[in-house]
Amino acid sequence: MFDAHQMKVHEVMTTDVFIIRPDTTLEEAQKVFQANSFHHLPVVADGHLQGILSQSDILLISSAFPLDDPDERAKKNQPLLSRMLAEEVMTRNVVRLRPEMALEVAVGIFLENLFHALPVVDEKGNLLGILS
């Protein structure tokens, strides 16, 4: 039986996490989002979590050209997305979970802050997984 009081974050987190580097372009990140079913990418340098890039972050940038024609909008956005880097728009001060944290506490953090995904890191800030 599922018991959030007893379970730990490491028991339910995803450990096979797709990551990007700070110098990944938004165009590259957008392709990753389009090819997969997740909406958050940890930004990692030398194993350490630097931030999180969400699909919403890219959509906000893309709405700089709110044209009715999606093809025309994509054409206008492409130069911008090909130059901007993940580190320029990612969320830097990310709430981080620890693997030994009670799942009940993690759920409270999600509900209180309306988060959709949170990284799980060790004591040195190395990414271990993600909880979504």
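1. Leaving aside its neighbours within four places in sequence, which residues is Leu53 in contact with? In this predicted model, the list runs to Ile20, Leu26, Ala29, Phe33, His39, His40, Leu41, Val43, Ile58, Ala86, Val89 and Met90. Points 3 and 4 turn to the cores.

2. Confidence first. The protein chain has an average pLDDT of 89. A score of at least 70 is reached by 92% of the residues. Among the elements, strand E1 (residues 40–45) has the highest mean pLDDT, at 97. Helix H4 (residues 70–83) has the lowest, at 80. As a general caution, predicted coordinates should not be read in detail where pLDDT is low.

3. The largest nonpolar core has 14 residues. Leu53 is one of those that touch the most other members, along with Ile20, Leu26, Ala29, Leu41, Val43 and Ile58. Three elements give two or more residues to this core: helix H2 (26–35), E1 and helix H5 (86–89). H2 gives the most, with four residues.

4. There is also a second core, separate from that one. It has twelve residues, including Val9, Ala106, Phe110 and Leu118.

5. On aromatics, the structure holds one pair. The partners are Phe18 and Phe38, and their arrangement is tilted. The centres are 6.1 Å apart, with 35° between the planes. Phe18 sits in the loop between helix H1 (9–12) and H2, and Phe38 in the loop between H2 and E1, so the pair ties together parts that are 20 residues apart in sequence.

6. Are the two rings' residues buried or exposed? Phe18 is partly exposed, at a relative accessible area of 42%. Phe38 is partly exposed as well, at 26%.

7. Now the overall layout. The protein chain comes to six helices and four strands. Along the sequence, the pattern reads α-α-β-β-α-α-α-α-β-β. How do the contacts distribute over the sequence? Among those between residues at least 6 apart in sequence, 56% join residues at least 24 apart.

8. Last, extent and surface. Along the principal axes, the C-alpha atoms fill a box of roughly 50 × 30 × 25 Å. The protein chain has 132 residues, and 39% of them count as buried. Its accessible surface comes to about 8100 Å². Carbon and sulfur atoms account for 53% of that surface.

Key: Residues are numbered from 1 along each chain as its sequence is written. This is a predicted model: local features need pLDDT of at least 70, side-chain atom pairs count only at pLDDT 80 or more; totals for chains, interfaces and linings use all residues. Side-chain values use heavy atoms; hydrogens and water are left out. pLDDT is the predictor's confidence in each residue, from 0 to 100. A nonpolar core is a set of buried Ala, Val, Leu, Ile, Met, Phe, Trp, Tyr and Cys residues joined through side-chain atoms within 4.5 Å. Buried means under 20% relative accessible area, exposed over 50%, partly exposed in between (1.4 Å probe, protein chains only). Contact means heavy atoms within 4.5 Å. Rings of Phe, Tyr and Trp (its six-membered ring) pair if their centres lie within 6.5 Å; planes under 30 degrees apart count as stacked, over 60 as edge-to-face and the rest as tilted. Accessible areas come from the Shrake-Rupley method with a 1.4 Å probe; for residues, only the protein chains shown count as cover.
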